Amino acid sequence: MTSSLRLRAAIVSIALFLAFIGIWHIATRGTGAVATMTPEYARLMGLTATHGKSAMPGPLDVGAKLWEHVKRPFYDNGPNDKGLGIQLGYSIARVGLGYFLAVIVAIPLGFLIGMSPLINKALDPFIQILKPISPLAWMPLALYTIKDSGLSAIFVIFICSVWPMLLNTAFGVAAVRKEWINVARTLEVGTVRRAFTVILPAAAPTILTGMRISIGIAWLVIVAAEMLVGGTGIGYFVWNEWNNLSITNVIIAILLIGVVGMLLDQILARFTRMVTFPE
Amino acid sequence: MTDKFISIEAIAKRYPGASGGEIAVFEDLWLSMARGEFGCVIGHSGCGKTTVLNILAGLDEPSEGTVIVDGQAIEGTSLDRAVIFQSHALLPWRSVLGNVAYAVTSKWRGWDRARVKAHAQTFIDLVGLTGSEHKRPSELSGGMKQRVGIARALSITPKIMLMDEPFSALDALTRGTLQDEVRRICLETGQTAFMITHDVDEAIYLADRIFLMTNGPGAVLAEIVENPLPKDRGRTDLHRHPYYYAVRNHIVDFLVSRSKTFAADMPGHDPRNVRVVKIGVSEPTIVAAPRAVETHPAQTIAR
Ligand SMILES: Nc1ncnc2c1ncn2[C@@H]1O[C@H](COP(=O)(O)OP(=O)(O)OP(=O)(O)O)[C@@H](O)[C@H]1O
Ligand SMILES: [Mg+2]
């Protein structure tokens with residue numbers, strides 16, 4: 001029953017995909033010769049002018065271009081012409097670093113907030129004010145103080161991924177069932193051991209949910225941040241190709257951003273499943 | 001009762017009331033138990049039974065008074081006092097063995113893996129869970145979970161077992177087998193046990209003495225009923241014992257009517273000297289002080 005449901009869903013997905021590609025193809029294909037001009041002039045104007053072809057690339061153009069990129073992902077022809085693999089690599093590295101720093105800060109701090117009502121109350125106003133600030137609003141300040149565009153991007157990733165993790169950790173830790181804590185107390189388990197053997201495993205699913213939200217936000221923000229700071233990365237690539245008026249490359253980049261985002265989410269989802277316990 | 005292994009002395013528990021004042025769950029409560037004794041507390045919901053047990057466990061602190069165990073005032077929780085929780089409170093991310101082993105390593109920090117495992121296994125076998133060691137709590141039935149809770153409590157070889165309605169969530173059949181097991185284990189190991197229950201038959205089967213509490217707020221320990229049934233009583237033929245109905249009726253009567261009106265009926269109630277009830281063949285005999293019981297005529301007749 002479930003497998004047949006999965007099969008039917010897959011069929012519908014493929015049908016939708018083909019329909020989308022078909023409509024896209026029809027909408028962007030040329031309508032044949034529309035204007036007569038000298039061959040030299042026609043070559044200069046391109047198919048858009050001569051055959052009524054849309055300026056929007058069709059699926060075949062994108063597919064061909066994508067195949068070129070896939071064949072040579074890591075070429076490096078100077079600052080404005082690097083392989084997509086290299087650009088994605090820069091973005092993933094920045095996200096990874098900023099995110100890692102956020103984990104290191106948010107999880108211990110979240111533990112502290114969750115375990116101590118005093119610290120919770122004391123830090124609450126700061127968190128409430130800092131949390132809603134758009135991470136990009138920090139960018140000028142980061143550029144001014146850090147004076148390095150790459151590090152500033154990492155800082156922006158850090159600041160945007162810290163909040164969901166911090167809040168989820170604090171919530172998960174504070175919401176650990178009283179009876180589990182009581183078990184540890186009746187067994188005279190010390191605070192540190194209790195934190196690792198009871199609170200951490202009990203709060204782990206909530207903490208990882210926060211981490212999953214964070215990685216999603218970090219990946220959203222890195223594109224915008226790289227458009228601002230420039231230089232390298234998939235965000236910069238999108239902006240650069242827009243300036244080159246290469247819509248094909250922009251579409252390819254959009255596609256890859258989506259694929260990488262999905263992969264990052266799936267990795268975290270797998271970790272979440274690993275620490276989730278049935279009750 | 002000269003040997004006071006557990007002595008609850010003048011404890012009170014108060015919570016801030018709705019309108020500024022304080023609401024006392026109970027005041028000036030005294031209760032003592034001998035080593036190796038099995039005591040059951042019966043009382044209506046909300047009268048403060050769990051509160052007493054938590055104070056005894058060290059999980060909660062009394063607003064006033066002290067609890068003395070083995071000659072020492074308790075401070076917080078202790079590995080000497082194991083708790084069997086009503087909701088079993090197993091750690092769901094650990095296996096059966098892992099849950100018991102967690103308790104064992106908490107008590108004996110220096111033990112190596114093999115020793116911890118062997119020790120834990122002994123107690124898993126004791127409660128009849130051999131073969132389920134590697135199951136997670138979510139894969140166990142309610143009765144099996146409760147058994148793991150019992151194994152965990154016993155594995156640290158406590159001096160006192162504290163049980164808060166341990167079997168109330170189980171079906172009658174499972175409850176019966178677990179009652180048998182708990183009774184057997186307590187008799188074999190000489191445990192001192194303190195159990196809360198709502199089941200009168202459970203109390204009569206397990207307890208040496210039954211503590212009756214009046215309704216809260218301001219609950220008091222009204223009576224202590226000594227169990228007249230012989231030590232070698234069986235669960236299934238309890239009702240054949242000549243004193244069974246007398247004890248049962250006495251407790252049910254208390255729960256049905258006297259638990260509400262006790263404070264009004266007994267203005268001179270002395271919390272330090274709670275009446276001990278010994279059941280004779282015909283009528284329950286209420287005796288003023290425990291000392292007097294030994295020579296009471298009804299008691300002689302009963303024997
Ligand atoms: N944190 C609290 N704040 C205020 N009142 C409380 C608190 N905890 C318990 N109480 C009150 O203390 C009283 C005794 O509670 P307790 O849990 O000991 O009852 P109980 O006899 O175990 O009842 P049950 O048989 O339903 O388990 C209740 O009336 C309850 O309302
Ligand atoms: Mg209770």
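Which side chain meets that of Lys82(A) in a salt bridge? In this predicted model, the partner turns out to be Asp76(A), with an N to O distance of 3.4 Å. The two ends of this pair sit in rather unlike surroundings. Lys82(A) comes out at 11% relative accessibility and so counts as buried, the cut-off being under 20%. Asp76(A), on the other hand, reaches 46% and is classed as partly exposed.

That pair is one entry in a longer list: searching the whole structure over all chains turns up 22 salt bridges. A few from chain B are worth a look.

Take Glu64(B) and Arg14(B) to begin with, whose side chains meet in a salt bridge at 2.8 Å, N to O. Since Glu64(B) belongs to strand 4 (residues 64-69) of chain B and Arg14(B) to strand 1 (residues 6-16) of that chain, the contact ties together parts that lie 50 residues apart in sequence. As for cover, Glu64(B) is partly exposed at 41% relative accessibility, and Arg14(B) is also partly exposed, at 22%. Arg14(B) therefore escapes the buried label, which would need a value under 20%.

Another chain B bridge joins the side chains of Asp180(B) and Arg235(B), here with 3.0 Å from N to O. Asp180(B) is part of helix 5 (residues 172-189) of chain B, while Arg235(B) falls in the loop between strand 10 (221-226) and helix 7 (244-265), so this pair links stretches 55 residues apart in sequence. Both ends get the partly exposed label: Asp180(B) has a relative accessible area of 27%, and Arg235(B) has one of 30%.

Salt bridges in chain B also go beyond simple pairs. Arg35(B), Asp70(B), Asp80(B) and Lys159(B) are hooked up in a network of them.

Back in chain A, the surface has a nonpolar side to it as well. Phe100(A), Leu101(A), Ile104(A), Val105(A), Leu109(A) and Leu112(A) make up a nonpolar surface patch of about 500 Å². One of these residues, Leu109(A), is found in helix 5 of chain A, which spans residues 84-115. With a relative accessible area of 30%, Leu109(A) is partly exposed, because that value lies between the 20% limit for buried and the 50% limit for exposed.

Taken together, the picture has a charged part and a nonpolar part. On the charged side are the chain A pair of Lys82(A) and Asp76(A), the two chain B pairs built on Glu64(B) with Arg14(B) and Asp180(B) with Arg235(B), and the network that includes Arg35(B) and Lys159(B). On the nonpolar side is the chain A patch, with Phe100(A) and Leu112(A) among its members.

Conventions
Residues are numbered from 1 along each chain as its sequence is written. Chains are lettered from A and ligands numbered from 1 in the order in which they are written. This is a predicted model: local features need pLDDT of at least 70, side-chain atom pairs count only at pLDDT 80 or more; totals for chains, interfaces and linings use all residues. Side-chain values use heavy atoms; hydrogens and water are left out. Patches are made of residues with over 30% relative accessible area and no salt bridge: like charges are joined within 9 Å, nonpolar side chains (Val, Leu, Ile, Met, Phe, Trp, Tyr) within 5 Å. Accessible areas come from the Shrake-Rupley method with a 1.4 Å probe; for residues, only the protein chains shown count as cover. A salt bridge is a side-chain nitrogen of Lys or Arg within 4 Å of a carboxyl oxygen of Asp or Glu. Helices (H or I, at least four residues) and strands (E, at least two) are DSSP runs, numbered from the N terminus. Buried means under 20% relative accessible area, exposed over 50%, partly exposed in between (1.4 Å probe, protein chains only).
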